[in-house]
Amino acid sequence: DGHLRKRGIHASEVTGCLRRVVYSLRGEPKVEETSSFWRKKFQHGHAIHDMLQRDFENMARATNLMKEGWHLEFHREFPIAPEYHPLAHRWDIQSHLDGIFTIREQWDAPAKFRVLVEIKSKAPDGWASMKDVEQAHKEQAHIYMACFDVPLCWFVYYNKGNEAITPSKGNYLVRFDPELWAKLEERFMKAHEHAEENTLPPREEGVTCSFC
């Protein structure tokens, strides 16, 4: 059976087959694979997200107790929606980011620096072969960075075998790329044109067909 969700562009679906974006803009019911394998896989992913988000919240509280003169905050699951962000209004974006760190000189001072956090889990084999952030994940996070006007995103890949996570530096601390954002906006424009004209772009076969 399908289920309805908020009409609009969802950040996790911008890479790959453009039909997913068009269906979401048209408000089509989403049909998901209901096998126990996928249910358990998604439940495990949600549990890892919740665990790491709680760790980051605790880390921020502990840092504030140890160091005077600076204030660190971590907030999880900020919504992105047309009523909150001009870019989301322009492109009809509906999504949630995993979290954001905010550094202030004092708890009630303006934000001095902000970094987004995007959490992904990996099996040990996938972790061993990983050398950089996956392109699909970069594109997803660029929607968050653009809408929240944040220049950096820390990609926290979690190893499900040994609980290691990627460091907040090197390849896993990604700067906002205006050229990549421009390419994403071109995709958004094409998707809106198809949705308005009631047409579909070419179909791209893949595992995501089970969740479309």
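Mentor: Let's start with a term: buried means under 20% relative accessible area, exposed means over 50%, and partly exposed is in between (1.4 Å probe, protein chains only). This is a predicted model, where local features need pLDDT of at least 70, side-chain atom pairs count only at pLDDT 80 or more, and totals for chains, interfaces and linings use all residues. Residues are numbered from 1 along each chain as its sequence is written, and side-chain values use heavy atoms, with hydrogens and water left out.

Trainee: Okay, why is F148 called buried?

Mentor: Its relative accessible area is 14%, and the cut-off is under 20%, so F148 counts as buried.

Trainee: And what makes F78 partly exposed?

Mentor: F78 comes out at 30%, which sits between 20% and 50%, so partly exposed is the right label.

Trainee: Why is the pair of F78 and F148 called tilted?

Mentor: Rings of Phe, Tyr and Trp (its six-membered ring) pair if their centres lie within 6.5 Å; planes under 30 degrees apart are stacked, over 60 edge-to-face, and the rest tilted. F78 and F148 are 5.8 Å centre to centre with 35° between the planes, so they pair, and tilted is the label.

Trainee: What makes W181 and F188 edge-to-face?

Mentor: Their ring centres are 5.8 Å apart and their planes are at 75°, which is over 60, so edge-to-face fits. W181 is buried at 8%, and F188 is buried at 1%.

Trainee: How do you know that G170 is exposed?

Mentor: G170 has a relative accessible area of 57%, and that is over 50%, so G170 is exposed.
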